[in-house]
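Work through the exercises below with the sequence and the three-dimensional structure side by side. Try each task before reading its solution.

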Amino acid sequence: MTERKYGDVWKNTDKKLWDDMWAAHAGSPMTEAVLAEALKVDRLIEVGCGAGHMLAELIKRGWSKGATRAYQGFEIGRKPAEAARKVLGADYDVVGRIEAGDFMDTASAGMVDEATLLIARGVVQHHAHWSLLPLAALRFVPRVVLGIGYTNTRSDRHTGGWQPKGCYDVHVSIPLLKIEAAAMGMKLVRCEPMMRGNRRELFVVLERGQ
Ligand SMILES: C[S@@+](CC[C@H](N)C(=O)[O-])C[C@H]1O[C@@H](n2cnc3c(N)ncnc32)[C@H](O)[C@@H]1O
């Protein structure tokens, strides 16, 4: 059996997939909540930046106007990372870079930039253990904002598995999320279910300490 790695499904996808994915989530309460947090800070890290749609939206909303902002994006997929670099390159008031690679590897190597906030929208529900990304991130930033898709708030178990489209999806339960955040020494500042159509999503803010 060929070993499947999470990032494989995203690596060589064309920009259209990212445009469609962004369009499906644009304006949802969770997306708006993540954008609102990002708009408040000067130095931002985004994990799973895809083709740079979140960054483009921030710029469109005036994030970089009149001030120099710092942005570091991480994206496993090479092709989307290249597209995100074009977004970054188009705004001279944003200094930064897009890393084509796994954030967890860069965090292990201690190579993450200094920033005020790290955001990851639509990312951790594809990881078998949602809490490892914010735990690693909080070594570098004081605050982490997660937008988690497809959350099963009724069950007290995380459930999930490999999906036909080729990525791993976990349904993150709120009771377990609370227990795990506390056990790992992360302060759960906000944990709010939000609807996107008939799908339940979760908006989560974590900080260091209990
Ligand atoms: C469902 S897409 C969401 C893209 C984008 N955040 C958005 O909101 O449209 C998840 C993305 O996260 C990326 N990703 C997941 N885990 C990652 C990690 N540890 N480091 C870097 N990128 C990651 C994937 O490659 C994929 O592009």
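The exercises that follow concern a predicted model, and they go from the whole chain to single residues.

**Exercise 1. The chain as a whole**

Task: Describe the secondary structure of the chain, and decide whether its radius of gyration agrees or disagrees with that of a compact globule.

Solution: Begin with the inventory of elements, which comes to seven helices and nine strands. Next, consider the extent of the C-alpha trace, which spans about 45 × 40 × 40 Å along its principal axes. For the comparison, a compact globule with 210 residues would have a radius of gyration near 17 Å, and since the chain has 16 Å, the two agree. Then look at burial, where 39% of the 210 residues count as buried. Finally, turn to the contacts with a separation of 6 or more, of which 68% are made by residues 24 or more positions apart.

**Exercise 2. The shell around the ligand**

Task: Find how many residues surround the ligand, and say which elements give two or more residues to the shell.

Solution: Counting the residues that surround the ligand gives 21, and the closest are Gly48, Gly50, Ile76, Phe103 and Gly122. Two or more residues of this shell come from each of helix H1 (15–25), helix H3 (53–60), strand S2 (69–75) and helix H5 (103–108). As a last step, sort the shell by residue type, which yields 11 nonpolar, seven polar and three charged residues.

**Exercise 3. Inside the core**

Task: Name the residues that touch the most other members of the largest nonpolar core, and then follow the contacts of Leu118 and Val47.

Solution: The largest nonpolar core has 54 residues, and those touching the most other members are Leu55, Ala84 and Leu118. Take Leu118 and leave aside its neighbours within four places in sequence; what remains is contact with Ile45, Val47, Ala137, Val141 and Val144. Now move to Val47, which belongs to strand S1 (residues 43–47). Val47 has 28 other C-beta atoms within 10 Å, and because a residue needs 20 or more to count as buried, Val47 is buried. Apart from residues up to four places away in sequence, Val47 touches Phe74, Phe103, Leu118, Ala120, Val123 and Leu133. To compare sequence with space, note that Val47 and Ile76 are 29 residues apart in sequence, while their C-alpha atoms are 9.2 Å apart.

**Exercise 4. Two sides of a helix**

Task: Work out which residues of helix H7 are buried, which are exposed on the other side, and what the buried ones pack against.

Solution: Helix H7 covers residues 174–183, and within this helix Ile174, Leu177 and Ala181 are buried. Looking down the axis of H7, one finds these buried residues within an arc of 55°, so they line one face of the helix. On the other side of H7 are the exposed residues Pro175, Ile179, Ala182 and Ala183. The buried residues pack against strand S8 (186–196) and strand S9 (199–208). Continuing along the chain, H7 is followed by Gly185, which has a positive phi, near 75°.

**Exercise 5. An unusual backbone angle**

Task: Explain what stands out about the phi of Tyr150, and locate this residue in the chain.

Solution: Start from the general expectation, namely that most residues other than glycine have a negative phi. Tyr150 is not a glycine, and yet its phi is positive, about 50°. Tyr150 sits in the loop between strand S5 (143–148) and strand S6 (159–162). With 17 other C-beta atoms within 10 Å, Tyr150 is partly exposed.

**Exercise 6. Classifying by neighbours**

Task: Decide whether Arg199, Lys15 and Gln163 are buried, partly exposed or exposed.

Solution: The cut-offs for this step are 20 or more neighbours for buried and 12 or fewer for exposed, with partly exposed in between.

- Arg199, found in strand S9, has 12 other C-beta atoms within 10 Å and is therefore exposed.
- Lys15, in helix H1, has 17 C-beta neighbours inside 10 Å and so counts as partly exposed. Beyond its neighbours within four places in sequence, Lys15 is in contact with Ala51 and Ala83.
- Gln163, in the loop between S6 and strand S7 (168–171), has 11 C-beta neighbours inside 10 Å and so counts as exposed.

Methods: Residues numbered from 1 in each chain as written. Predicted model: local features only at pLDDT ≥ 70, side-chain atom pairs only at ≥ 80, totals over all residues. Near = placed C-beta within 6 Å. Helix = DSSP H or I, 4+ residues; strand = E, 2+ residues; numbered from the N terminus. Nonpolar A, V, L, I, M, F, W, Y, C, P; charged D, E, K, R; others polar. Core = buried A, V, L, I, M, F, W, Y, C linked by C-beta atoms within 7 Å. Contact = placed C-beta atoms within 7 Å. Arc of directions from axis to C-beta. Rg over C-alpha atoms; globule rule 2.2 N^0.38 Å.
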